Amino acid sequence: MSTQSDMSIEQKPKLRSSQFLLAGLGLGIAANYVMWPAGIEGPGFVIWMILLVAAALWSTRNDGRHKLLVITCWGSTAILATLMVFLRDLDELIPAMMLVILSSATLVFLHVNGLTLNTARVSDLFIALFQIPTRAIIGTPLILLNLDPPPDASKKQWSGILRGLLIALPLLIVFGALFSSADVAFARLMPDLSQIFSATTIPRLMIIGFFAWVSAGLLDGISQHQSPVAPRQFRIFELGKQELAVVMSLLTIMFVVFVVLQITYLFGGRDTIEATTGLTLAEYARRGFFELITVAGLTLVVLVALGATNSSQRLFGILAAILIACVMIILASALQRFFLYIDAYGLTIQRLIALAMMFWLAFCLVLFASTVLRGRIAGFATGIVVSGLVITLLFGFINPAALVARTNVERIIGNSQTSTNREVGSPPTTQTNLDLDYLLTLGADVVPVLLTHLAQLAPLQQCRLSAELLSRWNQANSTEDANHDWRTWHAGRAAATKAVTENTALLQQISNDSRVNGGGICAQPQ
């Protein structure tokens, strides 16, 4: 009995390894079917991610309830990221969501390494992150090396089946072609050989091979389990008390001097800014915003690095607290510059990303002060990752392209309404022209917003915008769903096409008016 039990225990991992190969092959075939030709922007990527998470849950079904909960939680986060790619038509959102998926996989491998969210450190996150490409590349070869050769009887049986398939395949092709030529109804049942052996055959086989290889390796990787490890003391290098005091003191002095100047601007009005800096309000807003964001990010890196040294933690804690307080005031100054900048020049996707980054850095600094500076390192590293995931997903949830378009359109409308109140000859203090060229590069999500505010735009912009929308998004001109393939359907683009189609008559009426403002051409670029 004991011998049979030992044999079953030894055979279990090898049996599961063969199942990983089959699951990986299934995921590869599924990727080829649901993701061709739309790639990751269609609904197929969402479906494939759901299948991958389901396969991960199946492969770890005997590994305990806690691992299933971890995979369910972070797998759902990855699925939500793929859903954002499908719902939003914004190029900048794709790498952000890929980062969410990669971070979710990192947190899963963190649990595989026997660590929890509260015990993980920054080094543990990098180790888990490194395991993802490692398992994706070498996981499948390891599975193949660990497979047992089948018994003699089974080997003979499978050899006979394989020989029979090789003999039957050419016969089926010949007779199938003859029957297809003889009967139309039978031809519908047969696959189109010209499609099977076409120019897309090799790319499709490469897709199947790639996704099968990666999926099998990752499934085998998350099925592994390591015993929980005790928290480790990790020090990058040793730094004496004098060195630490010099570095932190000089940094603190510089930051305090800068903050004193910023407080004057923060609590002063427009006259204070212009009188003190010699810059106009718009120039002040444009100068320094991204530099201050960079300062906050570098400060966090420096504090994390110095906090990992074997030095006086009491001295470090005092000076780091002062430094963090200074950085928070600097971020408040950056936030003030941001709103001044938007009021003067409008909102862009890059500026919105910088704003999200600023809030994330502020949270990380507060988290650093509440954990590391209080002697509780546990939870800091994971808090950085989880907060980054939340902010990135929120960034996609708010529909950033639509937000940028709405902000800029409403700002231009407000400026045009107040421009008549300025004295004659006084120069404008803000941008007064709507940048349609930029907004139209943001994809389909801006279309409903532009249609909503179409009547409030200047006549020339109405005419030009109507012509652009009809050209790009009218159902009659759109090629988005020309082949009616569900895999190429995109929620954001379909909504834009629907909105333009419903307003086709109005848009055509505006675009056909070729004389605007004393003879201007409707579709003439500004």
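**Notes on an all-helix prediction**

1. Let's start with Phe175: at 47% relative accessibility it counts as partly exposed, because that value falls between the 20% limit for buried and the 50% limit for exposed. Keep in mind throughout that this is a predicted model.

2. Where does Phe175 sit? Phe175 is found in helix H6, which covers residues 152–182. Phe175 also belongs to a nonpolar surface patch, together with Ile167, Leu171, Val174, Leu178 and Phe179. Taken together, the patch residues have about 620 Å² of accessible area.

3. Now the overall picture. The chain has 22 helices and zero strands. It runs to 526 residues, of which 42% count as buried. The chain exposes about 28700 Å², and 67% of that is supplied by carbon and sulfur atoms. As for how the fold is stitched together, take the contacts between residues at least 6 apart in sequence: 77% of them join residues at least 24 apart.

4. Helix H5 (residues 122–146) is worth a look for its bend. There is a kink of about 45° at Ile138, shortly before the proline Pro141. Quite a few H5 residues are buried, among them Arg135, Ala136, Gly139 and Thr140. Polar and charged names turn up elsewhere on that buried list too, including Ser123, Asp124 and Gln131.

5. Which residues does Leu219 touch, once those up to four places away in sequence are set aside? The list is Phe20, Ala23, Leu27, Leu52, Ala55, Ala56 and Ser59. Leu219 itself is in helix H9, residues 201–223. With a relative accessible area of 1%, Leu219 is buried, because the cut-off for that label is under 20%. Take Leu52 as one of its partners: the two residues are 167 apart along the chain, yet their C-alpha atoms are separated by 8.7 Å.

6. Last, a loop residue. Thr348 lies in the loop between helix H14 (313–345) and helix H15 (349–371). Is Thr348 buried or exposed? It is buried, at a relative accessible area of 15%, so it comes in under the 20% limit. The Thr348 side chain reaches the backbone nitrogen of Arg351 at 3.2 Å. Beyond its neighbours within four places in sequence, Thr348 is in contact with Val404 and Tyr438.

Conventions. Residues numbered from 1 in each chain as written. Predicted model: local features only at pLDDT ≥ 70, side-chain atom pairs only at ≥ 80, totals over all residues. Heavy atoms only, no water. Helix = DSSP H or I, 4+ residues; strand = E, 2+ residues; numbered from the N terminus. Buried < 20%, exposed > 50% of the residue type's maximum accessible area, 1.4 Å probe, protein only. Contact = heavy atoms within 4.5 Å. Areas by Shrake-Rupley, 256 points an atom, 1.4 Å probe, with all protein chains shown as cover. Bend = angle between axes of the 7 residues up to and from the residue. Patch = residues over 30% accessible without salt bridge, like charges linked within 9 Å, V, L, I, M, F, W, Y side chains within 5 Å. Salt bridge = Lys/Arg side-chain N within 4 Å of Asp/Glu carboxyl O. Polar contact = N/O pair within 3.5 Å; in protein donor to acceptor, adjacent residues only side chain to side chain.
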